[in-house]
Structure formats: structure tokens, C-alpha cells
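Reader: I am new to this structure and would like a close look at a single part of the fold. Could you take me through it slowly, and then add a second part to set beside it?

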Amino acid sequence: MPAPIRLRELIRTIRTARTQAEEREMIQKECAAIRSSFREEDNTYRCRNVAKLLYMHMLGYPAHFGQLECLKLIASQKFTDKRIGYLGAMLLLDERQDVHLLMTNCIKNDLNHSTQYVQGLALCTLGCMGSSEMCRDLAGEVEKLLKTSNSYLRKKAALCAVHVIRKVPELMEMFLPATKNLLSEKNHGVLHTSVVLLTEMCERSPDMLAHFRKLVPQLVRILKNLIMSGYSPEHDVSGISDPFLQVRILRLLRILGKSDDDSSEAMNDILAQVATNTETSKNVGNAILYETVLTIMDIKSESGLRVLAINILGRFLLNNDKNIRYVALTSLLKTVQTDHNAVQRHRSTIVDCLKDLDVSIKRRAMELSFALVNGNNIRGMMKELLYFLDSCDPEFKADCASGVFLAAEKYAPSKRWHIDTIMRVLTTAGSYVRDDSVPNLIQLITNSVEMHAYTVQRLYKALLDDISQQPLVQVASWCIGEYGDLLLSGQCEEEEPIQVSEDEVLDVLEGLLVSNLSTPVTRGYSLTAIMKLSTRFSSVHRIKKVVSIYGSSIDVELQQRAVEYNALFKKYDHMRPALLERMPIMEKSATNGPTEVVQTNGETEPSVVDPKHPPLFTQPTNQANDLLDLLGGNDVGPVIQTTMPTKPASAGGELLDLLGDLSLTAIPPMTAYNKNGLKIDFTFERANPNPNVAVITIHASNSMEADMTDFVFQAAVPKTFQLQLLSPSSNVVPALNQGTVTQVIRVLNPQKQQLRMRVKLTYTLKGSPVQDLAEVNNFPPQSWQ
């Protein structure tokens with residue numbers, strides 16, 4: 001049989017292929033020749049054939065038929081054969097295949113080989129793909145090589161020991177004696193791998209962490225020598241001595257100094273030296289400075305050192321490299337809660353990052369800007385953020401609008417400023433705001449009695465300019481219905497009053513009813529506003545006519561309103577003025593808005609909303625029926641749901657008046673659902689003074705790479721229970737576990753029966769709707785006993 005072609009010739013031949021099909025043909029032809037050679041047990045060219053097979057594997061073609069040939073090469077006495085054999089084993093084998101166990105004896109023999117390079121090959125292979133069984137069998141040989149004086153073998157043995165510890169953590173103590181002298185080594189390779197080994201041991205065992213804290217002075221000394229040493233061509237990278245080792249030592253110091261005063265005190269000086277002496281003109285220096293900042297922030301460092309670290313991040317914000325700016329913003333966002341004042345000094349630089357072209361930097365800058373807002377800078381920061389809201393991409397508008405609402409509610413210097421700010425957001429980004437923005441603004445306006453005339457005039461002007469922003473139109477309709485008489489009277493003192501007639505106001509509202517831009521909810525607001533004006537305007541005949549027209553509307557919701565309003569004009573006209581009087585000042589409830597009608601045991605309780613005022617966001621009937629059908633038949637208990645998405649509700653519900661203050665009891669948490677990247681955890685509290693009520697808080701997290709939007713959690717329980725779902729903290733579950741959505745469930749269990757629950761989860765992932773049902777039966781006994 002002729003000698004097979006060399007690897008270099010094969011590469012040259014494959015590169016001449018003009019099409020994918022031609023390349024596949026060449027590969028298949030060569031694979032057939034290699035198989036024939038393997039079958040004939042050709043020892044002369046086995047090494048060459050396996051090398052070619054590895055190249056084909058790198059191109060993505062199957063090469064599994066060469067696994068046993070790799071084992072034969074490993075068993076060979078020639079170094080060149082062993083080298084290719086071990087490389088093939090690392091590429092073609094892993095611990096899921098039993099074939100790899102056949103290597104154990106060969107690796108053991110090679111670990112005791114007289115040639116250091118053969119020992120190095122065996123260590124590399126074991127450290128790359130050794131299974132837990134192999135690690136248990138060969139840990140003794142690795143530990144022996146870790147104590148040898150040969151630095152070439154020690155650095156490889158240290159990395160192999162890291163793999164052994166990851167696979168079999170209980171073998172960690174075996175390597176403890178060998179670590180004593182590792183940091184005394186002069187060779188930088190051994191030092192580097194030793195620090196990696198110590199880091200792994202400290203991260204996996206609190207006992208090891210306490211044991212190695214005594215090494216802090218030695219690590220500080222090594223780091224100081226690296227900083228102060230002169231030029232060393234062997235270790236120099238862009239003028240910095242061995243930056244890789246410096247970074248590894250800084251990471252280990254961060255672990256050793258966390259929550260330990262003595263260790264933190266011992267490393268304060270060296271961290272200050274690194275922070276002030278490291279050259280920042282090259283990326284290498286920036287990498288070391290970044291690790292230094294992370295270490296300073298994680299340990300119990302001095303306040304001056306923390307300020308120095310934040311100033312370094314501030315300098316990073318001025319860097320031309322986008323990656324460095326992003327890293328700085330992310331780090332500042334983590335530290336803003338603990339060192340707020342120090343981060344505030346860089347506020348102007350952070351705000352400038354809002355103008356960056358990179359979307360990742362803009363998002364981080366926006367999040368950090370909202371974190372910096374306080375009572376002192378609210379006006380200036382809101383001015384910048386509203387400017388950003390005007391010009392930013394649509395993907396930012398929802399988060400930015402939500403952040404402005406929260407900041408304005410928390411730090412508003414005056415009610416007028418608060419109302420103006422929210423109206424500005426609704427005017428510029430009304431289509432992107434959260435669902436609860438309309439009831440929240442209505443409540444704010446209602447409670448600001450002295451601002452009614454000003455607000456209704458501003459909103460009326462906004463309606464004349466633009467009716468495309470539906471939340472703004474809904475609030476304006478509500479206000480005109482409530483305070484239309486103030487609009488006509490021209491009592492506004494804050495700005496020049498406008499002259500407007502009843503017919504002009506009604507024309508605007510009727511225009512909303514027929515506009516193609518209006519949603520069904522907006523039409524409901526408009527019709528109710530027109531009805532309310534029947535007690536404030538004299539044009540009652542015109543209003544009756546409009547209402548009667550919509551008694552035959554194809555929109556069932558609008559038709560029902562119109563029919564009921566017509567009944568008010570006819571049978572109950574004497575009650576109309578009382579029913580349509582102004583809404584009283586609203587108490588801020590757990591739902592941040594008016595409560596809807598609640599059904600309990602088949603009976604309907606009256607809502608706190610005016611019976612002829614539009615229910616602000618109602619649960620669609622089909623969704624409610626889906627929820628009630630979850631358990632099937634009549635085995636479903638009453639579900640009491642408030643649908644205004646807002647912050648997690650505090651203790652004290654108003655719907656059933658069941659609950660008082662909450663006191664935490666020792667009920668273990670549980671995972672109720674974990675599927676497709678979505679994880680739902682339940683934590684439990686017991687409500688006082690009613691011990692029959694369990695308060696369950698759901699925590700929804702998302703491990704996928706994309707956000708889960710339009711997230712809705714619904715639940716149903718057997719009829720012996722009563723269940724109340726409060727509003728979720730958000731309808732977006734952030735990707736990569738970067739945040740959670742919380743929602744409170746209250747369950748009344750008067751008979752102390754075992755708790756069962758059916759849950760329905762709906763969300764949108766990457767544009768595709770997802771829906772799933774699950775049954776939860778494994779509640780801890782403490783939650784229902």
C-alpha cells in the first residue's frame with residue numbers, strides 16, 4: 001500500500017477546493033484511506049493518519065473512529081506518537097465516553113516517566129478531560145509531582161490539581177501540604193498556577209479560606225516586588241511586569257480580604273500603590289487597575305481607598321475605548337449604593353455617556369443616572385433624562401419612562417413639577433409607558449386639589465396638539481370629565497387661562513370616540529367623560545344624543561356603558577347628579593390605583609370605583625375563565641385579583657380585609673417551576689393577626705439570553721381556599737438572572753388543608769409567545785398547617 005499523504009499536503013489540497021461539495025469529497029476520500037490503514041494495523045503511519053484526522057475534526061467533520069487509535073499512540077514508546085495520541089484524546093474523548101477510562105493506566109505510567117515532557121503530556125491530558133474516577137485514581141501521582149523541584153512539572157501539576165479539586169472536592173486536603181512552599185518559588189509560571197490553585201481551594205472551602213489568610217503578607221510582598229521590579233524582558237508586557245500574575249494575585253487577595261478586617265488592613269497599602277503606580281496609557285494597565293478597583297470594593301477597605309477606586313472608574317469613563325467605558329459604568333452601578341457621594345462627583349461624565357453611540361453604554365449610563373437621582377439634583381437630572389427620552393431609540397423608552405415615573409414620585413420638589421414631568425413623559429413616550437401610569441397620574445391629579453384647573457387646561461391643550469399617545473388621551477379625558485367646569489371658568493392662576501366653550505370641549509371628546517387612533521379603553525374614557533359633563537355642562541340634550549348612539553355600538557364594552565348611561569337619563573335621572581359628582585381624594589392603596597369589582601363565593605362586592613366611571617384596566621373575561629378552568633370542574637376556589645402592575649404590595653390588603661401586619665416565620669422556600677430558562681421560587685410568610693392566611697411571594701428569574709416580556713403569572717386553588725393575587729413588580733423578567741420579578745399571593749386556608757395550586761405562565765421570548773401550565777403540590781407543611 002502506498003504511503004499516505006502528509007498533513008501539510010492534505011491541508012494544501014483541501015484549500016484548493018472551490019465548493020463545499022468538492023471539499024466534502026476530498027475529506028471522504030481521505031477518511032476512507034485512513035480507515036483502511038487503521039484496519040490493516042499500520043503502525044508506521046498511524047501517527048500521521050491521526051494528525052490528519054484531528055485536522056478534519058477541527059474542520060467539523062466526524063472523527064470518532066480514530067478514538068482507539070489515539071489510545072494506541074499513547075501506549076507507544078515514541079514521544080512523537082504520544083504527543084499526537086494525547087492531543088487526539090483531548091480533542092476526541094471526554095468523560096461521557098467509557099473509552100477514556102482505558103487511558104488511566106497509560107497516564108499513570110507516563111506520570112512516573114523519566115522524561116519531563118512525557119510527564120507534562122500526561123498532566124495536560126488529565127487536567128483537560130480527566131473524569132472523577134480518573135482523578136481519584138491519579139490524584140496521588142499529581143500530588144507527588146506538585147512537590148517536585150522541577151518548575152516545568154510543578155506548574156502543570158498545579159493546574160492539574162485544580163481540575164482534580166473541581167471534579168472531586170473531597171480530595172482538596174490531599175494537596176494542602178504541597179501548597180506550603182508554592183509561593184516561595186521564583187519561577188513566574190509556578191507562581192501563577194499556584195495562585196490559581198489557592199484561589200480554587202479558597203472558593204470551594206471556608207476552612208481553606210481561613211487557613212490561607214495567613215498567606216496575605218506573602219502575597220502582598222510578591223505583588224510589591226512585581227510593581228517595584230525593573231525591566232524584565234521575560235515578563236514584560238507593554239512596560240508592566242507580568243500583568244497576568246498581578247491580576248491573579250489581586251483576585252486572590254479579594255477573596256481572602258472579604259469580610260476580614262485584619263487581612264483587609266494588611267493589603268490596603270499595596271492596593272493604594274498599585275492604584276497610583278500603574279501606567280494607564282495601555283490596556284494592560286487598565287486591566288490591572290480594574291482588578292484593583294474590584295478588590296478595593298469587595299474587601300473592608302478604608303474610605304479614602306474606596307474614593308480612589310471610584311475616581312479610577314471615573315477616569316475610565318473618559319477613555320476612548322468603549323469596552324473600558326462600559327466596564328466603568330457597570331462597576332459604578334454596583335458601587336453606587338454603598339458609595340453614593342463618591343459616585344455623584346462623576347455625575348456630569350455619566351450623563352455625557354447618555355449621548356454615546358453604543359447602545360450598551362447608553363443603557364448602563366441610563367441605569368446609573370437613575371441610581372444617582374436624589375432630592376438635591378432631581379431637577380437637573382430629570383432635565384437630562386427627559387432630553388434623553390426625547391431622542392433615544394424605542395428600545396430605551398419604556399425603561400426610561402418607568403425610571404422617570406419612579407424618580408418623580410420619590411423626589412418631586414412640588415406637585416406641579418411632578419404633574420408637568422409625567423405629562424411630558426406621556427407626551428413624548430406615551431405608547432411606551434407602563435400600564436399603571438394612567439391610574440397613578442389620575443390619583444396624583446385627584447389628590448392635588450389646588451392644581452385641578454391648571455392640569456385640566458394643560459391636558460386640554462395637549463389633546464388639541466396630539467391624540468396619538470393613548471395614555472395621555474385617557475388621562476386628559478378623565479380630567480375633562482371631572483373638571484370640565486373649571487376648564488370653562490378660566491380659573492387657572494398658574495398660567496394664562498384659555499377661553500373655550502362647551503361645544504368645543506364636546507367636539508374634542510366626540511372626536512376621540514370616532515378616531516381610528518383611539519383604543520377601546522380610550523373610547524370608554526371618552527364616553528364616561530362626556531357622561532360626567534352632563535352634570536357640569538348645560539348641553540344635556542347633545543350629551544344624551546351621543547350616549548344613545550353608542551347604545552348599539554359593535555364594541556360590547558362601549559355598548560354596555562352607553563346602555564347603562566341611557567338608563568341613568570331615563571329611570572334614574574334623580575340619582576344622576578350624585579352618581580356623577582367629582583371623585584373624592586383617593587387613598588394610595590397597595591394597588592396604586594382604584595380597585596376593581598371583586599368576586600367572592602359567587603357574590604359580587606361593590607368596588608371603590610364610581611359605578612359609572614370607567615374601570616381603568618380590567619382583566620379580559622376569557623383570561624379570567626382560563627384561570628378558573630385550570631383545576632377543572634367546580635373544584636376551583638374564588639380568585640381575587642388586582643390588576644394594576646406596580647411595586648410589590650405591602651402588608652394589609654383591602655379586598656378581603658384579611659390581613660394585618662406580616663411577621664416572618666421560619667417556612668423554608670421552595671422552587672415551584674423551573675423550565676425553559678424560567679425559574680419560579682416561592683418564599684413564605686405568615687400573616688398576623690390571622691394565622692389562617694399564608695402570604696407567598698413569587699420570585700421569577702430568567703437564565704435565557706433575552707428578556708421575557710409581557711410576563712403574566714396566574715394561579716388557581718381548590719374551592720376550600722380563597723386566593724388573592726396582588727400586582728407584579730414588573731412584566732419583564734430580565735435576561736441572564738440580572739433581576740427578578742416579584743408578586744405577592746395571599747391564600748386563606750381556614751380548614752388547614754394541604755395546599756395545592758395550579759399556575760399558568762405566559763410570556764414572550766424573542767418575539768414568540770410562550771404559555772405553560774404547572775401543578776404545585778409540594779408546599780412545605782409549615783405553609784398550611
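Author: In this predicted model, 3 strands (DSSP runs of E with at least two residues, numbered from the N terminus) form an open sheet in the order S10-S13-S14, and their pairing is antiparallel. Strand S10, residues 708–716, and strand S14, residues 768–776, lie at the edges, where each pairs on one side only; strands pair if DSSP finds at least two bridges between them. From one strand to the next the twist averages 15 degrees, on a scale where angles run from 0 to 180 degrees between N-to-C directions of axes fitted to C-alpha atoms. Between S10 and strand S13, which covers residues 757–765, the antiparallel pairing extends over 7 bridges, and Met708 has Leu765 of S13 as its bridge partner.

The second part is a helix (a DSSP run of H or I with at least four residues), namely H4, residues 67–74, which is mostly covered, since 6 of its 8 residues are buried (under 20% relative accessible area, with a 1.4 Å probe and protein chains only). The buried residues of H4 are Gln67, Glu69, Cys70, Leu71, Leu73 and Ile74, and they pack against helix H2 (20–39), helix H3 (46–58), helix H5 (79–92) and helix H6 (104–111), contact being heavy atoms within 4.5 Å.

Residues are numbered from 1 along each chain as its sequence is written, and side-chain values use heavy atoms, with hydrogens and water left out. Local features need pLDDT of at least 70 and side-chain atom pairs count only at pLDDT 80 or more, whereas totals for chains, interfaces and linings use all residues.

Notes. Buried < 20%, exposed > 50% of the residue type's maximum accessible area, 1.4 Å probe, protein only.
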